[in-house]
Amino acid sequence: TVYAHLNTPKNGFDFALRDVQPLFADAWPTLLLSLFAIPLLRTDRRALLPLLYLLVSTGLTLFSLRNTGGDVNYLIEPAAAACVPAALALGWLWAAGGNVRLELARVAISVVLAGALVVWGMDIAAFWRADGGVNVARLPLDEMAAADAILSEEPLAVLLAGKPLLVSDTFHLSMLATSGFFDPLELERRIKRSEFDLIVTRSDIRAARLWKRQPLLPEGVRLAIKDTYVQVGRVGIYWLYRPEGRRGR
């Protein structure tokens, strides 16, 4: 992934700023608490390293999102990194002290923070009830369980079906192919030899799909599937393909 980001085409920072917004929209409680950890540097040097880590990981995220292959998955690291200074800030907030005014201020801040976290938690819980997580009922698990060799854009489904995983992320393959770090020729040959009993994609293979100008599949791989395989069905958003002449299970 790091190699793929080095040489692939770059977009403007307007793309990165647009894609980084969910970090501040969804992780604002820990980011806000991290700001409270900055004054702790005078008395608690433990906050220095996690604050630097948060700063560097956010910068690398902006760099990655500027890349044509950058995705919101890169927000995970700065969101997780913010938890450490946030925990240090909470430790200071709930620490016992002898100053009455300071204790009252801590209580007031804790009450406001608790209310804010309830609002944040309700919003996040609504997301997980509606769209979050993985809906196993919409994965082609039965079809995968009946196949031997599988090439899939959805790696989790392959693992849930108990099958060996050939490619963990076809989009990364495309990025690596674009940057010259991966040659998809052998994979194309295997597809043309119909070595895969089942190929699973997230859309009709007849049309190329791109994310910020980066193909989601290496173009040669897509064309090899289109020329050698036929659609045999759909499960949710997933399109199922088998070699010509092997339409059944």
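Which strand supplies the largest share of the lining of the second largest cavity? In this predicted model, the answer is strand 2, with three residues. Strand 2 covers 198–201, and together with strand 1 (150–152) it belongs to the strands that each give at least two residues to that lining.

Now for the rest of that cavity. The second largest cavity holds about 30 Å³ of space. Its wall is made up of L151, S152, E153, T170, I199, V200, T201, L217 and I225. Sorted by class, that comes to five nonpolar residues, three polar ones and one charged one.

How many cavities of 30 Å³ or more turn up overall? The count is two. The largest cavity has about 70 Å³ of space, and 13 residues line it. Closest to the centre of the largest cavity sit A207, A208, R209, L217 and R222. Here the lining splits into six nonpolar, two polar and five charged residues. One name comes up twice: L217 is on the list for the largest cavity and also lines the second largest one.

What about the aromatic rings? A pair of such rings is described by how far apart the centres are and by the angle of the planes. There is nothing to describe that way here, as the structure holds zero aromatic pairs. One ring does have a charged partner, though: R106 lies over the face of W92, 4.5 Å from the ring centre.

Technical notes: Residues numbered from 1 in each chain as written. Predicted model: local features only at pLDDT ≥ 70, side-chain atom pairs only at ≥ 80, totals over all residues. Heavy atoms only, no water. Phe/Tyr/Trp six-rings, centres within 6.5 Å; stacked < 30°, edge-to-face > 60°. Lys NZ or Arg CZ within 6 Å of the ring centre and 35° of its normal. 1 Å grid on protein atoms, 1.4 Å probe; cavity = no way out; pocket = protein on both sides within 12 Å on 5 of 7 lines; lining within 4 Å. Points joined across faces, edges and corners; volume = space filled by probe spheres on them. Nonpolar A, V, L, I, M, F, W, Y, C, P; charged D, E, K, R; others polar. Helix = DSSP H or I, 4+ residues; strand = E, 2+ residues; numbered from the N terminus.
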